[in-house]
Amino acid sequence: MSRHYIGYTARGETVFRNIRQDDEGLPLLLMADGESRRITLDLAPMLETSETISSATTSGSGVTAAISNTTTTVTLTISAPSNWGEVTTTITLSSGDIITSVIRARETSRQMQQAAYAL
């Protein structure tokens, strides 16, 4: 299981592991300069029987983002954040439903200091 995790239910994004929520309730990832993080988006709990993820795309502003998916999960890699960044992920299900998720990333000096001490 991924260190950073967003789980979905019928109510939408509901389970967060090692991800905060900003003032607007959007997922917020705190990162150090040059850091890269992988986030798992798990849609399995909300999918109908035999429903799968058909495709997933992402676009980033202020960050670099890459994406891959299986039939029930999406793996999003975020790196190179500027002071503030935002990633929009669009997931298309086999039923034709489309789920859009926004994840914000912020570079923080506290995270940079922690990364330096980890060395």
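Select Ser101 and Tyr8 to begin: their side chains are joined by a polar contact of 3.3 Å. A polar contact is a pair of N or O atoms within 3.5 Å; within protein, one must be able to donate a hydrogen and the other to accept it, and residues adjacent in sequence count only if both atoms are side-chain atoms. The model is a predicted one, in which local features need pLDDT of at least 70 and side-chain atom pairs count only at pLDDT 80 or more, while totals for chains, interfaces and linings use all residues. Residues are numbered from 1 along each chain as its sequence is written, and side-chain values use heavy atoms, with hydrogens and water left out.

Stay on Ser101, which sits in strand β10. Helices (H or I, at least four residues) and strands (E, at least two) are DSSP runs, numbered from the N terminus. Is Ser101 buried or exposed? Ser101 is buried, at a relative accessible area of 1%; buried means under 20% relative accessible area, exposed over 50%, and partly exposed in between, using a 1.4 Å probe and protein chains only. Now show what surrounds Ser101: leaving aside neighbours within four places in sequence, Ser101 is in contact (heavy atoms within 4.5 Å) with Tyr8, Glu13, Val87, Thr88 and Thr89.

Next, select Thr58 in strand β6. Thr58 has a relative accessibility of 23%, so this residue counts as partly exposed. A polar atom of the Thr58 side chain lies 3.2 Å from the backbone oxygen of Thr88. Apart from residues up to four places away in sequence, Thr58 touches Ala65, Ala66, Ile67, Leu76, Val87, Thr88 and Thr89. Measure from Thr58 to Leu76, C-alpha to C-alpha: the two are 8.3 Å apart in space and 18 residues apart in sequence.

Move on to the largest nonpolar core. How many residues does this core have? The core has 21 residues, and those with the most contacts inside it are Ile39, Leu41, Leu43, Ile78 and Ile91. Two or more residues each come from β1 (4–9), β4 (27–31), β5 (36–42), β6 (53–61), β8 (73–79), β9 (84–93) and β10 (98–107). A nonpolar core is a set of buried Ala, Val, Leu, Ile, Met, Phe, Trp, Tyr and Cys residues joined through side-chain atoms within 4.5 Å. In soluble globular proteins, nonpolar side chains tend to be buried together. Select Leu43 from the core: not counting neighbours within four places in sequence, Leu43 is in contact with Tyr8, Ile53, Thr72, Ile91, Leu93 and Ile99.

The last stop is the charged side chains. The whole structure holds 4 salt bridges, a salt bridge being a side-chain nitrogen of Lys or Arg within 4 Å of a carboxyl oxygen of Asp or Glu. Select Arg104 and Asp22, whose closest N and O atoms are 2.5 Å apart in a salt bridge. Arg104 lies in strand β10 and Asp22 in the loop between β3 (20–21) and β4, so this pair ties together parts 82 residues apart in sequence. Arg104 is buried at 17% relative accessibility, and Asp22 is buried at 15%.

Add Glu24, which meets Arg104 in a salt bridge of 3.3 Å, N to O. Glu24 is exposed, with a relative accessible area of 61%. Asp22, Glu24, Glu86 and Arg104 are linked in a network of salt bridges.

Finish at Glu35 and Arg37, a salt bridge with closest N and O atoms 3.0 Å apart. Glu35 is partly exposed at 22% relative accessibility, whereas Arg37 is buried at 13%.
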